[in-house]
Amino acid sequence: MKLAASGVESSVVIWVREFLVGHTQRVRVGGQLSMEVKVTSGLPQGSILGPLLFLVCVNDIWRNIDSCIRLFAEDCAMYMQFTNKNDTEKLQKDLDTLGEWAVENWMKINPGKSKVIRITRARCKNPLGYSLCDQKIPEASNCKYLGIILRSDLNWVDQVNYIVQKTWKALHFVKRVLKKGNRNAKSLAYRSLVLPILEYGSACCDPCTEGQINA
């Protein structure tokens, strides 16, 4: 249904459907095989179609949601700028809509892996009480999104410390393994394993304090 609604040709939709239905599976323990059972959901592990069909399935998650929403693989971030007290209710309404979408699409969202973070300069902060799928979302002072640690005060000290620690581990690994390696091998290992850690996300977390720069 999702494929057809996105404008994919009917012949391709039929081909994908035929690929998905009719699978069976068995379990081998030692030399014994279990009886065959039908596979009623999912795709064969390692299938190229797996990630693509997952994206097709979640690509309409933004419908009927007023907040800004960003998707990357299985990660979903929803945010909005608050200008008055009614915005709190608007965000909760969007969370309720998200929960309804999950039920309608037979998807499971784990509220325990969700966090709410408030970015503000205000010192007096009322506690937030957002919920998803009838479960309260814990409020956090920081969260990691796509490998970047975001803080409520937009200070990058946690991200810088994380990068420094991760980079040192990679660098020590390279030095230990290639202790007797030539210069070209060491340079290639550094550019492949160490430098990408320093460069990832640097455009958004370029440190602004002297201590972070020195680190």
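**Entry 1: the hairpin of β9 and β10**

I began with strand β9, residues 142-145, and strand β10, residues 148-151, which pair in the antiparallel sense over four bridges. The model I am reading is a predicted one.

I then looked up individual partners across this pair. Asn142 has Arg151 of β10 as its bridge partner. Cys143 stands opposite Leu150, which also belongs to β10.

I next turned to the link between the strands. The hairpin has two residues between β9 and β10, and Leu146 takes a positive phi there, near 55°.

**Entry 2: other positive phi values**

I noted the general background before going on. Most residues other than glycine have a negative phi.

I recorded Asn64 as an entry with a positive phi, near 65°, in a residue other than glycine. Asn64 is placed in the loop between α3 and β5. Is Asn64 buried or exposed? I found a relative accessibility of 71% for Asn64; exposed means over 50%, and therefore Asn64 counts as exposed.

I also recorded Leu154, whose phi is positive and near 60°. Leu154 lies in the loop between β10 and α5, the latter spanning residues 157-177. At 46% relative accessibility, Leu154 counts as partly exposed.

**Entry 3: two residues of helix α4**

I looked up Asp87, which has its place in helix α4. Is Asp87 buried or exposed? The relative accessible area of Asp87 is 4%, so I entered Asp87 as buried, the cut-off being under 20%. Leaving aside neighbours within four places in sequence, I found Asp87 in contact with Met80, Gln81 and Phe82.

I then moved to Thr97, which is also found in helix α4. Thr97 has a relative accessible area of 16% and is therefore buried as well. Which residues does Thr97 touch, not counting residues up to four places away in sequence? I listed Arg63, Asn64 and Ile65. Asn64, one of these, is the exposed loop residue of my previous entry.

**Entry 4: the nonpolar cores**

I looked up the largest nonpolar core and found that it has 14 residues. Which residues have the most contacts inside this core? I wrote down Ile61, Leu98, Trp101, Val116, Tyr130 and Ile137. Helix α4 gives the most to this core, with five residues.

I followed Ile137 further. Not counting residues up to four places away in sequence, Ile137 touches Leu95, Ser114, Lys115, Val116, Tyr130, Ser131 and Leu132.

Another core lies apart from the largest one; it has ten residues, among them Trp156, Val160, Ile163 and Ala170.

**Entry 5: Met78**

I looked up Met78, which has its place in strand β6. Met78 and Asp66 are twelve residues apart in sequence, and their C-alpha atoms are 9.7 Å apart in space. Leaving aside neighbours within four places in sequence, I found Met78 in contact with Ile65, Ser67, Cys68, Ile69, Leu91, Asp94 and Leu95.

**Entry 6: the largest pocket**

I noted first how empty space is found in general. Rolling a probe the size of a water molecule over the atoms shows where empty space is left.

The largest pocket has a volume of about 1,800 Å³. How many residues line the largest pocket? I recorded 48, of which Cys76, Ala77, Met78, Lys115 and Val116 lie nearest its centre.

I then asked which elements supply at least two residues of this lining. Those I listed are α3 (49-58), β5 (68-72), β6 (75-79), α4 (86-104) and β9. By class, the lining has 30 nonpolar, eight polar and ten charged residues.

**Entry 7: the second largest pocket**

I entered a volume of about 1,200 Å³ for the second largest pocket. Its lining is made up of 30 residues, and the closest to its centre are Met1, Lys2, Leu20, Leu53 and Cys57. The elements that give two or more residues to this lining are α1 (2-5), α2 (10-20) and α3. By class, I counted 18 nonpolar, seven polar and five charged residues in the lining of the second largest pocket.

How values were computed
Residues are numbered from 1 along each chain as its sequence is written. This is a predicted model: local features need pLDDT of at least 70, side-chain atom pairs count only at pLDDT 80 or more; totals for chains, interfaces and linings use all residues. Side-chain values use heavy atoms; hydrogens and water are left out. Two strands pair if DSSP finds at least two bridges between them. On a 1 Å grid over the protein atoms alone, a cavity is a set of points where a 1.4 Å probe fits but cannot get out, and a pocket is an open set with protein on both sides within 12 Å along at least five of seven lines; lining residues have an atom within 4 Å of a point. Grid points are joined across faces, edges and corners, and a volume is the space filled by probe spheres set on the points. Ala, Val, Leu, Ile, Met, Phe, Trp, Tyr, Cys and Pro count as nonpolar, Asp, Glu, Lys and Arg as charged, and the others, Gly among them, as polar. Buried means under 20% relative accessible area, exposed over 50%, partly exposed in between (1.4 Å probe, protein chains only). Contact means heavy atoms within 4.5 Å. A nonpolar core is a set of buried Ala, Val, Leu, Ile, Met, Phe, Trp, Tyr and Cys residues joined through side-chain atoms within 4.5 Å.
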